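Please consider how the helices of this chain are packed against one another and how its interior is built. The structure is shown here.

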Amino acid sequence: MIRDDMRKPTRQGVIDAAASIAGILPPSPLLPVEIGGVVVHVKAESLQAVGAFKIRGGWWRLANLTEDERKRGVIAVSSGNHAQGVAWAARRLGLEATIVMPRNAPRVKLEATRALGAEIVLYERPGEDRDEVAAKLIAERGGTLVHAFGDPWVIEGQGSAGIEIEQQLGRAPSRLIVCCGGGGLAAGLALACPESAIHVVEPHGWDMVGQALEAGEVVRVADDPPSTICDALQPDATKPINLDVLQGRAEPGVTVTDEEVREAQRFAFSKLNLVVEPGGAAALAAALAGKVQLDEDTVIMITGGNTDADSFAETLRGV
């Protein structure tokens, strides 16, 4: 048997993941929208059962656990969307799930994760290393780590969205514009759609994947990074497994500002009737700001919609 830390994600794994996910979830909509005189398409992953694409990777990882691993349960680290994806899959499969989450995670994400039956262990962000917190829990309790992006099954599961896109579009997209945290979705889409350009979009100052692509090695966030409203896109660094897939496949990284993200949230609400959280709007923000070239075969990933009513209302009002 290949050890988990040696297994590499593959396109066949993405295809298998897509078949498995099609058996439990309907495809998320692919919606046309005009930007700058060009009709492009938006993949509305914000309409998933947990409000984000993370349900894909969570399901595929947990579905591939051995019987012994299922008995011991899983431990994950997340700012909220991966937490819900893992918790949803664990409840469906009858497994115990513990999620390490930042104390300052949006309340809507904390409450939704608890409602799905997962145990939450809080840590301080910034100040504590969430991977160290998870490693300590695993040493104490046992359990399988389900990493938010640096896991081959998670990458394959996220890539299932690309298989859906090709089926819905009737062809391979020319380019995929992707909200990017650690690079799990971007890597999965690169495997799913080998003919498509991959554009990773990250918050200003948190472009760890973009910097890693440029440097050819993993780069850690600065000691004093700027604040960002994109809570879902704030990992300290990508992982080698993600960089290995994206190196030579992804275009140079793009960054967006908070105001560009807010404008994208307003656009999605007014033009598509979608509620989109800040991190889920980053790719759309890049498209609206003219930071990525668009054509009729462009697909923009809207990755999450888990935002609280008060902050979303303030964004819509332009506060």
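The paragraphs below treat helix packing, the nonpolar cores and one buried charged residue in turn.

The model is predicted. A suitable place to begin is helix α1, residues 11-22, which packs against helix α7, residues 152-169. Their axes lie 7 Å apart and form an angle of about 75°. Angles from 65 to 115 degrees count as roughly perpendicular, and α1 and α7 are therefore roughly perpendicular to each other. On the side of α1, the contact is made by R11, G13, V14, I15, A17, A18 and I21, while α7 contributes E156, G157, G159, S160, I163 and E166. By class, the residues of this contact comprise 6 nonpolar, 4 polar and 3 charged.

Helix α7 also packs against helix α8, residues 184-192; the two axes come within 7 Å and cross at roughly 50°. This angle makes α7 oblique to α8. The crossing of α7 with α8 is right-handed. Here I155, Q158, G159, A161, G162, I163 and E166 of α7 meet residues of α8, namely G184, L185, A187, G188, L189, L191 and A192. The contact of α7 with α8 contains 8 nonpolar, 5 polar and 1 charged residues.

Attention may now turn to the interior. The largest nonpolar core consists of 32 residues, and those with the most contacts inside it are L176, V178, L189, I198, L246 and M301. Two or more residues of this core come from each of the helices α1, α7, α8, α9 (208-215) and α10 (240-246), and from each of the strands β7 (175-179), β8 (197-203) and β10 (298-302). The element that gives the most to this core is α8, with 7 residues.

M301 offers a closer view of these surroundings. Leaving aside neighbours within four places in sequence, M301 is in contact with K43, E45, A161, I165, L176, I177, V178, C179, L185, L189, G280 and A283. Apart from the largest core lies another core, of 30 residues, which includes A44, L272, L284 and V292.

The last point concerns a single lysine. Is K109 buried or exposed? K109 lies in helix α5, residues 107-115. Its relative accessible area is 0%; since buried means under 20%, K109 is buried. When neighbours within four places in sequence are left aside, the residues in contact with K109 are S79, G80, N81, Q84, M101, D231, A232, E277 and N306.

Notes. Residues numbered from 1 in each chain as written. Predicted model: local features only at pLDDT ≥ 70, side-chain atom pairs only at ≥ 80, totals over all residues. Heavy atoms only, no water. Axes fitted to C-alpha atoms, helices over the stretch in contact; angles between N-to-C directions. Helix = DSSP H or I, 4+ residues; strand = E, 2+ residues; numbered from the N terminus. Parallel < 35°, antiparallel > 145°, perpendicular 65-115°, else oblique. Contact = heavy atoms within 4.5 Å. Nonpolar A, V, L, I, M, F, W, Y, C, P; charged D, E, K, R; others polar. Left-handed = near helix turned anticlockwise from the far one by under 90°. Core = buried A, V, L, I, M, F, W, Y, C linked by side-chain atoms within 4.5 Å. Buried < 20%, exposed > 50% of the residue type's maximum accessible area, 1.4 Å probe, protein only.
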